[in-house]
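Student: I am new to this structure and would like a close look at a single part of it. Please start from one residue and work outward.

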Amino acid sequence: EPELVVGRHAFRPAEQPEVLDAAQVAELLQVAEDDVVALADAGELPARRIGDAWRFSRAAVLAWLGGD
């Protein structure tokens, strides 16, 4: 059997997308997707509707969360 080799590995997390869908925003905010859609429909959460789908800017959502 081969010997156990101990080494090093560099880990770099994947880059976060700039544009998110409702499910990704729900995960980011740790809330239900229905709540995200309701906030977007009410105009409280910054978003754009493209066809039938909502799209969110990650920077705008984080600024909204921070109260900016």
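Student: Which residues does L28 touch, not counting residues up to four places away in sequence?

Tutor: The model is a predicted one. Leaving out residues up to four places away in sequence, L28 touches L20, R58, V61 and L62. L28 itself sits in helix α1, which covers residues 22-29. Its relative accessible area is 31%. Buried would mean under 20% and exposed over 50%, so L28 counts as partly exposed.

That exposure links L28 to a surface feature. Together with L62, W64 and L65, L28 forms a nonpolar patch on the surface, and the accessible area of these residues together is about 340 Å². Helix α3, residues 58-66, gives the patch its largest share, with 3 residues. One of the residues in helix α3 is L65, which counts as exposed at 53% relative accessibility. L62 appears both as a member of the patch and as a residue that L28 touches.

A residue at some distance from L28 can be added for scale. R8 and L28 are 20 residues apart in sequence, and their C-alpha atoms are 31 Å apart in space.

Now follow helix α1 to the loop after it. The loop between α1 and α2 (33-41) holds Q30. Q30 is not a glycine, yet it has a positive phi of about 60 degrees. Its relative accessibility is 73%, so Q30 counts as exposed.

Another of the residues touched by L28 is L20, and L20 leads to the strands. The bridge partner of L20 in β3 is F56, while V19 has S57 as its bridge partner in β3. In total, 2 bridges join strand β1 (residues 19-20) to β3, and the two strands run antiparallel.

On β3, residues 53-57, the side chains alternate. W54 and F56 point to one face and are buried. A53, R55 and S57 point to the other face and are not buried. F56, the bridge partner of L20, is therefore one of the buried residues, with under 20% relative accessible area. S57, the partner of V19, points to the other face.

Strand β3 also pairs with β2. Here 3 bridges join strand β2 (residues 48-50) to β3, and this pair runs antiparallel too. I50 in β2 has A53 as its bridge partner in β3. The hairpin of β2 and β3 has 2 residues between the strands, and G51 takes a positive phi near 65 degrees there.

Put together, 3 strands form an open sheet in the order β1-β3-β2, with antiparallel pairing. β1 and β2 are the edge strands, each pairing on one side only.

One charged pair belongs in this account. Side chains of opposite charge can pair when their charged atoms come close. The side chains of D41 and R49 meet in a salt bridge, with 2.8 Å from N to O. The count for the model comes to 1 salt bridge. Both ends of the pair are partly exposed: D41 has a relative accessible area of 48%, and R49 has 44% relative accessibility. D41 lies within the range of α2 (33-41), and R49 lies within the range of strand β2 (residues 48-50).

Last, the whole protein, as the setting for L28. There are 3 helices and 3 strands, and from the N terminus on the elements run β-α-α-β-β-α. The radius of gyration is 18 Å, well over the 11 Å that the globule rule gives for 68 residues, so the protein is more spread out than a compact globule. Taken along the principal axes, the C-alpha atoms fill a box of roughly 60 × 25 × 20 Å. Of the 68 residues, 18% count as buried. The accessible surface comes to about 5,700 Å², and 51% of it belongs to carbon and sulfur atoms. Among contacts with a separation of 6 or more, 43% are accounted for by residues 24 or more positions apart.

Conventions: Residues numbered from 1 in each chain as written. Predicted model: local features only at pLDDT ≥ 70, side-chain atom pairs only at ≥ 80, totals over all residues. Heavy atoms only, no water. Buried < 20%, exposed > 50% of the residue type's maximum accessible area, 1.4 Å probe, protein only. Helix = DSSP H or I, 4+ residues; strand = E, 2+ residues; numbered from the N terminus. Pairing = 2+ DSSP bridges. Salt bridge = Lys/Arg side-chain N within 4 Å of Asp/Glu carboxyl O. Patch = residues over 30% accessible without salt bridge, like charges linked within 9 Å, V, L, I, M, F, W, Y side chains within 5 Å. Areas by Shrake-Rupley, 256 points an atom, 1.4 Å probe, with all protein chains shown as cover. Rg over C-alpha atoms; globule rule 2.2 N^0.38 Å. Contact = heavy atoms within 4.5 Å.
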